[in-house]
Amino acid sequence: QAKQQQQQQQQPALAGCSAPLYYLCVQHDMSAHVSESMGWRLRDHALGSCSEGIAITDPSQPGHPLVYVNDAFLHITGYQRSEVLGHSSSFLHGPSTSPSALAVLEAAQTARHKATVELINYRQNGETFWNRASITPVFDSLGRLVSFIHVHSDITELVRRKEEEGRLLEAKIAAETAAEAKSMFLANMSHEIRTPLNGMMATAQLLLSSSLNPEQRELADTILESGNSLLGVLGDILDFSKLDHGAVELALEPVSVRRTVEACMDIVALEAQHKGLALAYSLDPLLACHHLMADPIRLRQVLANLLSNAVKFTDVGEVQVDARLLPRSQLPPTALSKLAQLALQPAAFAGERGPPASPPLSAPHGSPVQGHSNAGQEE
C-alpha cells in the first residue's frame with residue numbers, strides 16, 4: 001500500500017496557440033488524514049468488540065446526548081442504535097433507579113471527574129437489570145472537555161449470587177446460634193438432673209446395704225439399675241453437646257474387653273431375664289487374654305447401646321456379642337457400624353501369653369445360655 005496519496009491537477013498553459021506549452025502539477029500530502037481515518041476505524045472495531053456496553057456523550061450539548069454506542073450497549077439495553085443516538089441516557093432510568101446513584105453521576109459530570117455506581121436500569125422491554133455504570137471524561141490537548149465515555153456492565157447475575165450468599169450466611173449463623181443454644185440447654189439440663197439422680201442412687205445403695213427382705217431388695221435393685229440407665233442417657237446427652245462444639249476427646253487406655261462386655265451385659269441382664277432372653281458372648285482368643293488400648297467410656301457406651309437395642313427389639317431367642325479381631329484389609333467402609341471393628345481398630349496388646357484353645361462362652365447372673373441362633377444376635 002502506498003503511504004502517500006498524490007492529487008494532481010493539470011492545467012494546460014496556452015501561448016496564443018492551441019497546443020499547450022506545459023502542465024502545472026499540484027501535490028497534497030494526505031498521510032495524516034489517512035492515518036487518522038485508519039485510527040478511527042481501529043478504535044471503532046475495538047469498541048465494537050468489547051463485551052461491556054460503551055457509550056460516548058457530547059457534553060457541549062444540552063442533556064449530554066449520545067453520539068456513539070457499541071453493539072454490546074445495544075445488546076444489554078435492547079434498543080436499536082437509531083433509538084438512542086442523539087438522546088440522553090435517561091431512557092435507561094425508571095422507578096427503581098437509585099436517585100443517589102444518579103446524583104453521584106451528575107456530580108461527577110459537573111466536576112469533570114470519574115465515577116462508578118451500581119444501580120437498577122431498565123431495558124427497552126421494561127425488564128430491570130443491575131448496571132455497573134462508569135463515566136470517564138475525555139480532554140483534548142488543550143485541556144478542553146470533548147466527551148464522556150460511559151461503560152455499562154450487566155451485573156444482575158453477580159448481584160443475585162451475592163444476595164444468595166448473604167441469605168445462606170444468615171441461615172448458617174441462625175443454625176449455629178440454634179445449635180449453640182441447644183447444646184447449652186442439653187448441658188445445663190443434664191447437670192441439673194444428675195445432682196438429684198446421684199442422691200437417689202446413693203440412697204438405693206444404702207438401702208441395699210441394709211437388712212431388706214427379698215421383695216424390698218428387688219425394688220431397691222430396680223431403682224439402682226434405673227438410675228444407672230438414666231445416667232447413661234445423660235452421658236449420651238452430654239456427648240451430643242460436646243460433638244456440636246468439637247470438644248469430644250478420646251482417651252487411650254488398656255481395656256479388658258471381657259470385663260467391658262460383662263459389665264454391659266449386666267446392665268441389660270434384668271430386662272433380658274424378664275423377656276426370657278438368653279445373653280451370651282464370645283471373644284476372640286487374643287481378646288480373651290490381652291488388654292486392648294481404647295477409650296473405655298466410649299467403648300462401653302457403644303456396646304451398651306447395641307445391647308440395649310438388641311434386647312429391646314428381640315422377643316424370643318438370645319442376644320449374643322461376638323468380639324473378634326479383623327485385619328485392616330477386611331474392614332468394610334462402614335466399620336463403625338460394628339462394635340468389634342470399632343473397638344479393635346486401635347488395638348495394641350500388652351502381653352505375649354498364648355491364647356486358650358477355644359474362645360470362652362459365658363452368660364452373666366444366671367441368664368440362660370441357649371444354642372446359637374440368629375434371633376437378636378448383636379455383633
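Two residues are in contact here when they have heavy atoms within 4.5 Å of each other. With that in hand, welcome to this structure, which is a predicted model. The tour below visits a nonpolar surface patch, two cysteines, a pair of parallel strands and a buried loop residue, D295.

**A patch on the surface**
- Start with L21, Y22, L24 and V26, which together make up a nonpolar surface patch.
- The accessible area of these four residues adds up to about 390 Å².
- One of them, V26, sits in the segment that comes before helix α1, and α1 covers residues 31-48.
- V26 is classed as partly exposed because its relative accessibility is 31%, and that class lies between the buried limit of under 20% and the exposed limit of over 50%.

**Cysteines**
- Next to V26 in the numbering you will find C25, which counts as partly exposed because its relative accessibility is 44%.
- C264 has a relative accessibility of 0%, so this residue counts as buried.
- If you are looking for disulfides, the structure holds zero of them.

**Strands β7 and β9**
- Strand β7 spans residues 278-283 and is mostly covered, with six of its six residues buried.
- From β7, the residues A278, A280 and S282 point one way, while L279, Y281 and L283 point the other way.
- Residues on both of these sides of β7 are buried.
- The partner to look for is strand β9, residues 318-323, which runs parallel to β7 and is joined to it by six bridges.
- To see the pairing up close, find S282 of β7, which stands opposite D322 in β9.
- Strand β9 is mostly covered too, as six of its six residues are buried.
- On one side of β9 are E318, Q320 and D322, and on the other are V319, V321 and A323.
- Both faces of β9 are covered, and the residues on each are buried.

**A buried loop residue**
- Finally, look at D295, which lies in the loop between strand β8 (292-294) and helix α9 (296-312).
- D295 has a relative accessible area of 9%, so it is buried.
- Leaving aside residues up to four places away in sequence, D295 touches E249, L250 and A251.

Note on methods. Residues numbered from 1 in each chain as written. Predicted model: local features only at pLDDT ≥ 70, side-chain atom pairs only at ≥ 80, totals over all residues. Heavy atoms only, no water. Patch = residues over 30% accessible without salt bridge, like charges linked within 9 Å, V, L, I, M, F, W, Y side chains within 5 Å. Areas by Shrake-Rupley, 256 points an atom, 1.4 Å probe, with all protein chains shown as cover. Salt bridge = Lys/Arg side-chain N within 4 Å of Asp/Glu carboxyl O. Helix = DSSP H or I, 4+ residues; strand = E, 2+ residues; numbered from the N terminus. Buried < 20%, exposed > 50% of the residue type's maximum accessible area, 1.4 Å probe, protein only. Disulfide = S-S within 2.5 Å. Pairing = 2+ DSSP bridges.
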